[in-house]
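Take a look at the model below. Keep it in view while you read this short report.

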Amino acid sequence: MKVALILPGSIWYAPYVRIYTRILDEQNVNYSIISWNREGDDEPEGFQYNEFCKKGHGSAGFLAYKRYVYFIKRTIKEQHFDRIIVFGPQITCLLSLFLLRKFRYRYMIDYRDLSIEQKKGFKQLFSVMLKFSCANVISSPGFKRCLPKRDYYLSHNFNERVARSVIGNVSPEMLFNTANGIDVLTIGAIRDFSSNIEVTKAIANKEGYTLRFIGKGQGTVERIQTYCDRVNARNISFVGFYDKSEEAEYVKASTFMNIFYPRAITHDTALSNRFYNSLIYRKPMLVTKNTTQGDYAEKYQVGVAVENCNNLTADLEMFLQNDYYLYAKRCDELLIEFLNDQNEFVEAVKQFVKE
């Protein structure tokens, strides 16, 4: 049994692939990751297509995708893979004829972002691909609003072992971290200027607050830095590319996780990596109201859901008046719900790779 995990882009932008590799490792399944190292900074792993995109990870055009698809097909044929796990609707649609001819009911679709499948023509094609897959996986229940009615497994963007290890594990040193003031952390892919600049303006030069941006941003980070330089914002700092192994320490040093996004259907329906880090490391989340993340935050009282940042610092300070132990218990309740989803997903993957 040989399994190919096909990513639409760089491994750095796809931490969710590790959810699958952990399962495949435990099942002693032979697998390889096929990826597109668009920015040239991925560590060598599996089979990598190395066409550089000058304008960043999200700037590839149709012809570049076409060349990547040719690379994927050639690699699959040469390596004689038996099963395919394909991530994202773009690559699924571009590989559609190949998958339907060669791998019907022997491919799995993992869906984590709204994309071209929402457009006319692609919507019908993606529906067909969902029909003839062995299993369909989504990372947020919010996506069901925008997808055909099918059976979907929920795969959450977290390490389930880590999630299980923190449940019920609360100690005094884990209390809300305000010893050095209130620190708001934005970590990972930093793509949205409008929402991040709103948070920046609310916190810039605010006494008792720091704001950190850690990650890559395709021009967004540079625009935020330009604003900070203009207003001489000394309480805002920037760290670019970081190793994923460093992420936990960055999160632990924060008070709040910034997951405030602009209102768009793509953001409204998704659950981000930061959302899970917020729960696992017990760092309350700042999220957008009336979204999937915002609804969870309000229902379980695990963060601050706002429509805008007009009264942001007051809202954050009010949340910190909550009892930390009750807050941690609510994080546990939500993690337990997600772990139940994950158990069903893991069993589906095991069945998929069973010879």
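The report covers salt bridges, a helix pair, a buried acid and two unusual backbone angles.

This is a predicted model, in which local features need pLDDT of at least 70, side-chain atom pairs count only at pLDDT 80 or more, and totals for chains, interfaces and linings use all residues. Residues are numbered from 1 along each chain as its sequence is written, and side-chain values use heavy atoms, with hydrogens and water left out.

**Salt bridges**

Side chains of opposite charge can pair when their charged atoms come close. A salt bridge here is a side-chain nitrogen of Lys or Arg within 4 Å of a carboxyl oxygen of Asp or Glu. The whole structure holds 14 salt bridges. The table shows three, including their N to O distances.

| Pair | N to O distance | Separation in sequence |
|---|---|---|
| Glu-39 and Lys-216 | 2.8 Å | 177 residues |
| Lys-216 and Asp-41 | 3.1 Å | 175 residues |
| Arg-212 and Asp-183 | 2.8 Å | 29 residues |

Helices (H or I, at least four residues) and strands (E, at least two) are DSSP runs, numbered from the N terminus. Glu-39 sits in the loop between strand S2 (30-36) and strand S3 (47-49). Asp-41 is in the loop between S2 and S3. Lys-216 lies in the loop between S9 and helix H8 (220-231). Salt bridges with shared partners join Glu-39, Asp-41 and Lys-216 into one network.

How buried or exposed are these residues? Buried means under 20% relative accessible area, exposed means over 50%, and partly exposed is in between (1.4 Å probe, protein chains only). Glu-39 and Lys-216 are both buried. Lys-216 has a relative accessible area of 12%. Asp-41, at 28%, is partly exposed.

The Arg-212 and Asp-183 pair joins two strands: Arg-212 is in S9 and Asp-183 is in S8 (residues 182-187). Arg-212 is buried at 15%. Asp-183 is buried at 8%.

**A helix pair**

Two packed helices are described by the angle between their axes and the distance between the axes. Axes are lines fitted to C-alpha atoms, for helices over the stretch in contact, and angles run from 0 to 180 degrees between N-to-C directions. At what angle do H11 and H14 cross? The axes of H11 (residues 273-280) and H14 (residues 324-352) cross at roughly 125 degrees and come within 9 Å. H11 and H14 are therefore oblique to each other. Under 35 degrees counts as roughly parallel, over 145 as roughly antiparallel, 65 to 115 as roughly perpendicular, and the rest as oblique.

Contact means heavy atoms within 4.5 Å. On the H11 side, Phe-275, Tyr-276, Ser-278, Leu-279 and Ile-280 take part. They meet Tyr-327, Cys-331, Leu-334, Leu-335 and Phe-338 of H14.

**A buried acid**

H14 also holds Asp-332. Asp-332 is buried, at 9% relative accessibility. A polar atom of the Asp-332 side chain lies 2.9 Å from the backbone nitrogen of Gly-168. Beyond neighbours within four places in sequence, Asp-332 is in contact with Val-166, Ile-167, Gly-168 and Arg-282.

**Two positive phi angles**

Most residues other than glycine have a negative phi. His-80 has a positive phi of about 55 degrees. His-80 is in the loop between helix H2 (62-79) and strand S4 (83-87), and is exposed at 59%. Asn-205 has a positive phi of about 60 degrees. Asn-205 is in the loop between helix H7 (193-203) and strand S9 (209-214), and is partly exposed at 44%.

Methods:
A polar contact is a pair of N or O atoms within 3.5 Å; within protein, one must be able to donate a hydrogen and the other to accept it, and residues adjacent in sequence count only if both atoms are side-chain atoms.
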